[in-house]
Amino acid sequence: MKNINNGFFPCMLFLLMCLVYSGIAIDPFSRSHSLKTECIMKPPRRIAEQELILLSRSDEDDSGQEWENGAIREMAQRIQLQRGIIYSFSAWVKLRGGNDKKVGVVFRSENGRLVHGGEVRAKQGCWSLLKGGIVPNVSGPVDIFFESEDREAKISAKNLSLKQFSKKVWKLKQDQLIEKIRKNKVRFEVSYKNNTAVKEAVISLKQTKPSFLLGCAMNFRILQSEGYRKWFASRFAITSFTNEMKWYTTEEVRGQENYTAADSMLKFAEENGILVRGHTVLWDDPKMQPSWVKNIKDPDDVMNVTLNRINSVMKRYKGKLTGWDVVNENLHWDYFEKMLGVNASSRFYNIAYKLDPDVTLFVNEYNTIENPGEVTATPVKVKDKMEEILAYQGNENIKGAIGAQGHFSPTQPNLAYMRSALDTLGSLGLPIWITELDMPKCPNQTKYIEEILREAYSHPAVEGIIIFAGPEVSGFDKLTLADKDFNNTETGDVIDKLLKEWHQKPSEIPNIFTVDHENEEEDVSLLHGLYNVNVSHPQIKNLSTSLCLEVTKEMGHRQVVRVVINA
């Protein structure tokens with residue numbers, strides 16, 4: 001792991017620790033827009049829970065414990081962590097003075113390895129909730145630190161806790177949350193025109209499109225392989241192109257645009273009912289510009305060719321895409337900002353919005369959810385960047401979204417950190433997509449990928465996932481889902497399993513016999529999405545009608561569908 005550097009300074013927590021069965025803890029699965037977690041005057045008490053390692057002594061006073069000037073104090077006791085257990089950390093923190101600062105939590109093992117566990121932007125004079133955690137690769141003791149951007153930071157903290165979960169319990173929590181955030185109870189009421197109930201009407205349903213989409217990227221090789229096309233179209237309902245829409249592909253020579261590959265791939269997607277997410281209008285990495293752009297030194301000329309690029313690609317695909325990465329990776333890189341000024345990204349989002357007001361415009365970054373030790377594109381900084389773009393004049397009505405790429409390392413993913421990162425990103429109230437999920441090959445790759453996918457699916461702010469993967473012929477060498485004969489790999493089996501699990505299966509939807517209005521109608525739990533509904537009666541031949549139904553989270557926990565029969 002990295003040492004603490006890059007301008008961060010550690011402050012060891014002086015804590016009296018003990019295992020207890022009551023205390024104050026933040027449930028990592030309790031994210032709610034009704035729970036204010038930024039700049040509150042007094043942190044709320046949480047209910048008593050089991051499996052809680054209580055770190056701070058009480059929350060009766062408002063002062064909390066204080067660390068300042070990088071001073072390190074001795075700890076009364078270390079925490080013993082167990083390999084494979086998920087530990088969720090929470091603490092309320094505030095600054096005693098100065099400007100807002102990022103404050104993070106770090107776990108240090110006996111050999112000095114550091115695991116960054118989460119962060120929050122702390123403010124002066126009010127409390128903000130720091131969440132995160134750790135999934136240890138080895139058992140052993142750890143020390144816990146706070147870290148800050150500022151050596152002079154004066155940090156107060158209270159209600160510190162570390163809640164432990166077995167992976168079995170963690171998955172149970174995920175499943176319970178999925179029932180709440182991905183499904184609705186639906187009640188059908190069938191009646192004649194005179195409002196008389198149709199007794200024993202039979203209602204059958206078939207989901208035609210799920211709301212949550214698990215998609216897969218594709219590349220130009222799909223145009224060369226019929227087997228690849230059949231394999232893809234039989235599984236996925238959304239995609240993005242790895243390189244075919246990028247500037248260096250569509251305009252290798254200045255003034256000579258070539259959209260042949262992108263157009264052909266889009267045609268294939270449209271013919272098979274596959275949605276396409278645009279990747280990418282621009283890329284802020286100086287190495288990823290067309291070679292001829294790299295040679296332009298005049299900022300005015302850079303602006304001219306950049307505006308031509310935006311207009312060209314966005315007008316060409318207007319109305320055909322679900323979203324666009326407008327300036328890819330504009331926290332890690334700043335090519336356009338250096339050439340054209342600090343507001344370059346915000347301005348380009350404004351231009352993109354004017355060209356296609358209905359398309360979703362993404363900030364798309366890597367290491368935000370997958371790497372707790374990230375410094376450049378942390379969840380707090382990605383959130384700040386999105387707020388900066390939306391605050392730019394004329395951008396207030398943009399349909400913004402967050403793209404978290406998800407290029408995970410080949411180790412046990414820190415699910416507690418991932419959930420806290422998604423909480424931070426989700427606090428904007430904008431959709432989140434996992435846009436480029438992959439992981440280098442490793443012995444437990446399949447297990448780790450499934451854990452990551454389930455973590456994303458069980459978070460209320462995440463609206464979809466695109467994996468960077470494919471069959472062997474596709475050339476995706478990290479995540480291979482099928483061999484050269486299109487037989488599934490072990491990871492391919494997992495993807496197919498989740499595609500089925502996250503799609504409402506007919507066997508899970510019973511025929512519903514309605515009763516008269518004086519009795520309780522039967523509810524059915526349905527995944528969000530579009531359905532074809534057929535109403536019939538076993539004894540009345542002419543009683544039959546069909547309709548389309550959309551089950552959405554916006555409809556509330558219970559959705560009532562009233563069907564009037566013209567008979």
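In strand β10 (residues 140-148), I144 is the bridge partner of F107, and seven bridges join β10 to β7, the two strands running antiparallel. The model is a predicted one, in which local features need pLDDT of at least 70 and side-chain atom pairs count only at pLDDT 80 or more, while totals for chains, interfaces and linings use all residues. Residues are numbered from 1 along each chain as its sequence is written, and side-chain values use heavy atoms, with hydrogens and water left out. Helices (H or I, at least four residues) and strands (E, at least two) are DSSP runs numbered from the N terminus, and two strands pair if DSSP finds at least two bridges between them.

**Strand β7 and its partners**

On β7 (residues 101-109), eight bridges lead to β8 (residues 114-122), again in the antiparallel sense. Within that pairing, V106 stands opposite H116. The two strands form a hairpin with four residues between them, and G112 in the turn has a positive phi of about 90 degrees. Because seven of its nine residues are buried, β7 is largely enclosed by the rest of the structure. Here buried means under 20% relative accessible area, exposed over 50%, and partly exposed in between, with a 1.4 Å probe and protein chains only.

**The sheet β25-β12-β28**

Three strands form an open sheet in the order β25-β12-β28, with mixed pairing. β25 (523-527) and β28 (558-565) stand at the edges with a single partner strand each, so one side of each has no neighbour in the sheet. Neighbouring strands of this sheet are turned by 35 degrees against each other on average, direction ignored; the axes are lines fitted to C-alpha atoms, for helices over the stretch in contact, and angles run from 0 to 180 degrees between N-to-C directions. Eight bridges pair β12 (residues 183-192) with β28 in the parallel sense, and F188 has V561 of β28 as its bridge partner.

I565 also lies in β28 and is buried, at a relative accessible area of 4%. Not counting residues up to four places away in sequence, I565 touches V190, S191, Y192, K193, V198, V535, L543 and T545, where contact means heavy atoms within 4.5 Å. The C-alpha atoms of I565 and S544 are separated by 7.8 Å, although these residues are 21 apart along the chain.

**The largest pocket**

The largest pocket holds about 1,100 Å³ of space. Of its 41 lining residues, S211, F212, E463, K553 and E554 are the closest to the centre. On a 1 Å grid over the protein atoms alone, a cavity is a set of points where a 1.4 Å probe fits but cannot get out, whereas a pocket is an open set with protein on both sides within 12 Å along at least five of seven lines; lining residues have an atom within 4 Å of a point. Grid points are joined across faces, edges and corners, and the volume is the space filled by probe spheres set on the points.

Helix α1 (167-181) gives the most to this lining, with three residues. Among the other elements that supply at least two residues each are β13 (202-210), β26 (529-536) and β27 (544-551). By class, the lining has 19 nonpolar, eleven polar and eleven charged residues. Ala, Val, Leu, Ile, Met, Phe, Trp, Tyr, Cys and Pro count as nonpolar, Asp, Glu, Lys and Arg as charged, and the others, Gly among them, as polar.

**Backbone exceptions**

Most residues other than glycine have a negative phi, and most peptide bonds are trans. Two asparagines with positive phi are listed below.

| Residue | Phi | Location | Relative accessibility |
|---|---|---|---|
| N195 | about 75 degrees | loop between β12 and β13 | 53%, exposed |
| N367 | about 70 degrees | loop between β18 and α9 (379-391) | 17%, buried |

A cis peptide bond, with omega of about 0 degrees, joins H279 and T280; T280 is found in strand β16.

**Residue P471 and the chain as a whole**

P471 lies in β22 (residues 470-471) and counts as buried at 0% relative accessibility. Leaving aside neighbours within four places in sequence, P471 is in contact with Y228, W231, T480, A482 and F486. P471 and F486 are 15 residues apart in sequence and 6.4 Å apart in space, C-alpha to C-alpha.

The protein chain has twelve helices and 28 strands, and buried residues make up 54% of its 567 residues. Among contacts between residues at least 6 apart in sequence, 80% join residues at least 24 apart.
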